[in-house]
Amino acid sequence: MTKFLIASHGKLAEGLYDTFVMVMGKNENLSFFGAYTKAEEDMEESVRKYVDGIKEGDELIVLTDVFGGSVNNEFMKYIGRKNFYLVSGVSLPLLIEMVTDSEPDIAKRIQVIT
């Protein structure tokens with residue numbers, strides 16, 4: 001199963017998630033992570049827990065806001081992990097295309113859409 005995570009600074013990821021749900025409906029494979037929204041939150045630990053929580057055999061596509069930003073850089077630590085994909089520059093059209101595209105080859109889907 002393919003899981004999608006929108007990850008950003010602040011509340012952008014939550015806003016994109018809410019808008020996706022309003023336009024496309026709820027999707028159980030889509031979630032969001034907003035860094036720096038809680039003073040006591042350790043972003044590195046939160047990202048590690050999320051990535052480690054993905055079931056064996058599932059694929060994870062993380063869509064981040066800014067290439068080279070702290071959120072993107074944190075997820076880049078997992079780039080070599082099997083079934084892990086990282087796409088930067090998330091927007092609502094990109095998110096909708098990525099989640100609704102039926103191409104089973106994730107690398108091909110990313111290449112065609114981006």
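In this predicted model, helix α4 (residues 92–100) packs against helix α5 (residues 106–113) at an angle of about 150 degrees, and their axes lie 10 Å apart. Angles over 145 degrees count as roughly antiparallel, so that is how α4 and α5 run relative to each other. Helix α4 also packs on an open sheet, and that sheet is built from four strands.

**The α4–α5 pair**
- The two helices, α4 and α5, cross in the right-handed sense.
- On the α4 side, the contact is made by Leu94, Glu97, Met98 and Val99, while α5 brings Arg109, Ile110 and Ile113.
- Sorted by class, this contact of α4 with α5 has five nonpolar and two charged residues, with no polar ones.

**The sheet**
- Reading across the sheet, the strand order is β2-β1-β3-β4, with parallel pairing.
- Strands β2 (30–35) and β4 are at the edges with a single partner strand each, so one side of each has no neighbour in the sheet.
- From one strand to the next, the twist averages 20 degrees.
- Helix α4 touches β1, β2, β3 and β4, and its direction makes about 175 degrees with that of β3.

**Strand β3 and its partners**
- Strand β1 (residues 2–9) runs parallel to β3, and six bridges join them.
- Here Phe4 stands opposite Ile61 in β3.
- Five bridges link β3 (residues 59–64) with β4 (residues 84–88), again in the parallel sense.
- In this pairing, Val62 faces Leu86 of β4.
- To get from β3 to β4, the chain passes through helix α3 (residues 70–76), making a right-handed β-α-β crossover.

How values were computed. Residues numbered from 1 in each chain as written. Predicted model: local features only at pLDDT ≥ 70, side-chain atom pairs only at ≥ 80, totals over all residues. Heavy atoms only, no water. Pairing = 2+ DSSP bridges. Right-handed = clockwise from strand over helix to strand, strands pointing away. Axes fitted to C-alpha atoms, helices over the stretch in contact; angles between N-to-C directions. Parallel < 35°, antiparallel > 145°, perpendicular 65-115°, else oblique. Left-handed = near helix turned anticlockwise from the far one by under 90°. Contact = heavy atoms within 4.5 Å. Nonpolar A, V, L, I, M, F, W, Y, C, P; charged D, E, K, R; others polar.
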